[in-house]
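Colleague: I am new to this structure and should be grateful for a close look at one part of it, the packing of the helices and sheets in a single chain. Please take me through that part in one connected account.

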Amino acid sequence: MKRDLFIHLGAIALLFLLEILGIFSDYHQGNFARILVLTVYGIGYNVLFGYTGLLSLGHALFFSAGLYAAGLSIYHLDYNVGQALILAFCFSVLVSLVIGYLALRTVGVSFMIVTLMFSQIAYLCILYFGGITRGDEGIVIQQSSRVFLSLDLSDPTIRYYSALTVFSFCLVFNLWIARSSFGRVLIAIRENSDRALMLGYNVQLYKLLAVIISGTISGIAGASYGILFGYVGASFAAVPYSIFPLLWVLLGGAGTVLGPLIGAIFMFYLIDYASDVTDAYMIIVGIALLLVTLFARRGLLGELRYRFFPWIP
Amino acid sequence: MLEVSNLSTYYSNIKILKDISFTVQRGEVLCLLGRNGAGKTTTLKSIMGLVDKVEGNINFNNERISKISAHLVPKKGIGYVPQGRRLFSELTVEENLEIGLLTRKNGEQTINKVLEMFPRLNERLKQVSGTLSGGEQQMLALARALCIEPTLLLLDEPTEGLQPSMISLIRKSVLELKKQGVAILLVEQRVEAILSIADKIIVIENGAIVFSSTAQKIKNNPKKLYRFIGV
């Protein structure tokens, strides 16, 4: 087995083992279930930003597309979890296709602004159509609706394994992309899109595919979050949720498969422990982020790859 | 093979190339000479479809390519090595070559053939291309363009900034390609770099052709050429 495959499958196995061996306390088990789902969101973001070099400031749109497609279909249409997931998947593909097609008419800073604007439109729509979405208040998905293949997804242990399963699929998919010729073309576009064009690649089409893959993974993360944690709210469509995946990816290492996981764990626990110390925890978080930026500007895993392990995908 | 007729190119509304016409045949090396800003690189970019507004005709193997999308041009068999190499610096030598291949079948065979031409790259397959020396980067840029098995190769100042041993290696490769029947359109600023390999020479000034001749005639009477390029 190649060493990069070994490391990534090893990371998944370790996360299974931590639960099987009962090493997690209830508190950390809940935290990690949340981190794993949010990491899936980070993986989606990383495909677009880390591999293709397109910086989106509106990814909360894709996350909330999956979140609301799953949540509203369960709440209003009595869909079961399987049906809700399929709908969320299809809706995420459609939203990514449309937004990608429109936003990719711009480049650079304009792309950032356009994606931000689209995401703000979605956020305001969620608030405006409060009769359906329940606006700021959000929707609570009842425990009885969160059953999949006779498994109660609200049970903390089942929730953890479910989050880990979704995470594992997305991580392996991301690894496949990173090792495939498709992934190399994305990297080539990130490095020099003109050059990729000169080699005969339809750069615009590859970028669109990257938006669709990225948006769909983000949508799957949103749907999983709503179903596993039972809450669908407008705050997930707001600007901070577009910034979080950027931070996780930057902290962990843009363009590395495990980077989003490392970034999400780091950020989550940094906030958690800092808020124990002081109410002004964001000062500590800010200083820590500053230090990481100064001394590991490629992110934690990105720096390790640059210095010691250039084979890490 | 390549037939450029009355080519005019615009950046915004400014006319950069003015009614340029020339042809390049199979196994022929045509050299474009001229000062900085004369329009040499713009000519290559126009052929590759990388310029928005182009007038006139560019035909390749009797097919009009001046109106097709830029990503389709290499698929017609035209390779381009731009000035400054422009490698994918975070990818390895091997990955850079594979990227060049992806639109063609028989990949491994093609790469092996290209590596035979540049054995030094064979020793550095797993090395990240950004860490190669300038000469090796130029070799890789050329090798990558050859991975699409071009029948026409556009080279933009391939010897710029290289040490003499590398220059002679690049020159040898160009001659080898010429022998294999590849048509080559070569942009250079230095006359001495091209006299031994060019068949035809064109001098561009302010976007227009001001002089054209065969290399043989120039060799016999180089003063004619020097008058235009001010050496």
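Modeller: In this predicted model, helix H5(B) passes H6(B) in a right-handed crossing. The axes of H5 (residues 134–146) and H6 of chain B come within 10 Å and cross at roughly 15°. Since angles under 35 degrees count as roughly parallel, H5(B) is therefore roughly parallel to H6(B). The contact is made by B:Gly135, B:Gln138 and B:Leu142 on the side of H5(B), which meet B:Met166, B:Ile170 and B:Ser173 of H6(B). By class, the residues of this contact divide into three nonpolar and three polar, with no charged residue.

A second pair of helices may be set beside this one. H2(B) and helix H3 (residues 107–117) of chain B pack at an angle of about 120°, and their axes are 10 Å apart. That angle makes H2(B) oblique to H3(B). The crossing of H2(B) and H3(B) is right-handed. From H2(B), the residues B:Leu97, B:Glu98 and B:Leu101 meet B:Gly107, B:Thr110, B:Ile111 and B:Val114 of H3(B). Four nonpolar, two polar and one charged residues make up the contact of H2(B) with H3(B).

H2(B) also leads to the neighbouring chain. In the contact between the chains, 20 residues of chain B are in contact with 16 residues of chain A. Helix H2 (residues 93–101) of chain B gives the most to the side of chain B that touches chain A, namely four residues. That side of chain B has 11 nonpolar, four polar and five charged residues.

The sheets come next. Six strands of chain B form an open sheet with mixed pairing, in the order E6-E7-E8-E3-E9-E10. Strand E6 (78–81) and strand E10 (208–214) of chain B each have a single partner strand and stand at the edges, so one side of each is left without a neighbour in the sheet. On average, and with direction ignored, neighbouring strands of this sheet are turned by 15° against each other. At one edge, E6(B) pairs with strand E7 (residues 152–156) of chain B in the parallel sense over four bridges. Within E7(B), B:Leu155 is the residue opposite B:Val81. Helix H1(B) packs on this sheet and touches E3, E6, E7, E8 and E9 of chain B, its direction making about 145° with that of E7(B). The helix H6 (residues 164–179) of chain B, already met as the partner of H5(B), packs on the sheet as well, touching E3, E7 and E8 of chain B. The direction of H6(B) makes about 150° with that of E8(B).

Chain B has a further open sheet, of four strands in the order E2-E1-E4-E5, with antiparallel pairing. Its edges are strand E2 (14–24) and strand E5 (63–64) of chain B; each has a single partner strand, so one side of each is left without a neighbour in the sheet. Strand E1 (residues 2–11) and strand E4 (residues 53–60) of chain B run antiparallel and are joined by seven bridges. B:Tyr10 has B:Lys53 in E4(B) as its bridge partner. Helix H1 (residues 40–48) of chain B packs on this sheet too, where it touches E1, E2 and E4 of chain B. The direction of H1(B) makes about 75° with that of E2(B).

Terms used: Residues numbered from 1 in each chain as written. Chains lettered and ligands numbered in written order. Predicted model: local features only at pLDDT ≥ 70, side-chain atom pairs only at ≥ 80, totals over all residues. Contact = placed C-beta atoms within 7 Å. Helix = DSSP H or I, 4+ residues; strand = E, 2+ residues; numbered from the N terminus. Nonpolar A, V, L, I, M, F, W, Y, C, P; charged D, E, K, R; others polar. Pairing = 2+ DSSP bridges. Axes fitted to C-alpha atoms, helices over the stretch in contact; angles between N-to-C directions. Parallel < 35°, antiparallel > 145°, perpendicular 65-115°, else oblique. Left-handed = near helix turned anticlockwise from the far one by under 90°.
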